[in-house]
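Student: I am new to this structure and would like to learn how to read a few of its features. Could you take me through them slowly?

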Amino acid sequence: MLIKQNKLSIILYLALFLGIFTTNVFSQKMVPIKIDLPKAMFVGTPTNMTIDKLEKPLGKPRPPFLAPEGTKNVALNKKVVSTDDMPIIGEIDYITDGDKNGDEGYFVELGPFTQHITIDLEKEYNIYAIVLWHFHKQPRVYFDVVVQLSNDKDFKKNVKTIFNNDLDNSSKQGKGTDWHYVETSEGKLIDAKGEKARYVRMYSKGNNSNDLNHYIEVAVYGK
């Protein structure tokens with residue numbers, strides 16, 4: 001009799017839990033996030049790139065990305081730090097100033113080898129998407145692009161990697177399985193699946209044109 005009562009209690013508890021969970025999930029209205037795109041700086045698709053695991057271009061605009069209503073760019077004007085605190089060109093705070101222009105004077109150029117930047121969102125958010133513009137004045141492919149989330153500013157614990165195309169683990173953040181991509185004015189959209197985090201860290205290790213690392217803008221869409 002006691003076992004039967006315990007089973008009934010467990011079933012009722014699970015039903016209550018699932019009811020709350022499904023209510024929370026489906027009560028959020030999903031709408032396209034608003035991404036203001038910069039002017040395209042080149043037309044067409046490069047055909048002479050010999051790079052392992054390179055995404056084929058869509059050949060059309062990226063489909064809308066849906067997120068809960070009220071989701072916005074929570075990285076705008078937030079503080080950014082970098083492993084290269086004396087950029088060759090530009091300033092670190094360009095990365096979250098909201099300007100995605102691909103011309104000279106709008107990007108920051110960091111030194112060679114593996115470099116990373118970290119954005120402090122100032123509080124924890126549910127993060128649904130990150131859009132990243134390295135450089136789009138000409139078609140380029142950046143290497144060892146790794147994007148991580150954490151609530152630890154030092155990224156020593158509770159680190160969630162949401163993108164990694166470091167195929168040989170040369171940047172020491174684990175071997176990635178994501179594909180390389182060509183930079184365009186649309187930026188690279190990464191699905192963060194609603195992960196909770198305060199800090200966003202991004203790695204790169206040069207590009208197919210030179211050994212340097214560049215950022216124009218990073219937008220973090222959260223709520």
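Tutor: We will look at a pocket, then a strand that lines it, then two single residues.
This is a predicted model, in which local features need pLDDT of at least 70 and side-chain atom pairs count only at pLDDT 80 or more, while totals for chains, interfaces and linings use all residues. Residues are numbered from 1 along each chain as its sequence is written, and side-chain values use heavy atoms, with hydrogens and water left out.

Student: What volume does the second largest pocket have?

Tutor: On a 1 Å grid over the protein atoms alone, a pocket is an open set of points where a 1.4 Å probe fits, with protein on both sides within 12 Å along at least five of seven lines, and lining residues have an atom within 4 Å of a point. A volume is the space filled by probe spheres set on the points, which are joined across faces, edges and corners. Here the second largest pocket has about 190 Å³, and its lining includes Lys 34, Asp 36, Glu 217 and Tyr 221.

Student: Which element gives the most to that lining?

Tutor: Elements such as strands are DSSP runs numbered from the N terminus, a strand (E) having at least two residues. Strand E11 gives the most to this lining, with three residues.

Student: Is E11 covered on one face or on both?

Tutor: In a regular strand the side chains alternate between the two faces of the sheet. Buried means under 20% relative accessible area, exposed over 50%, and partly exposed in between, with a 1.4 Å probe and protein chains only. In E11 both faces are covered, since Glu 217, Ala 219 and Tyr 221 on one side and Val 218, Val 220 and Gly 222 on the other are all buried.

Student: How many bridges join strand E6 to E11?

Tutor: Two strands pair if DSSP finds at least two bridges between them. Six bridges join E6 (residues 115-133) to E11, and the two run antiparallel; Leu 132 stands opposite Val 218 in E11. E3 is also antiparallel to E11, joined by two bridges, with Lys 72 partnered by Gly 222.

Student: Is Leu 110 buried or exposed?

Tutor: Leu 110, in strand E5 (residues 108-110), is buried, because its relative accessible area is 0%. Contact means heavy atoms within 4.5 Å, and beyond its neighbours within four places in sequence Leu 110 is in contact with residues including Ile 88, Ile 117 and Tyr 215.

Student: Why does Thr 161 count as partly exposed?

Tutor: Thr 161 counts as partly exposed because its relative accessibility is 35%. Its place is in strand E8 (residues 160-164).

Terms used:
Helices (H or I, at least four residues) and strands (E, at least two) are DSSP runs, numbered from the N terminus.
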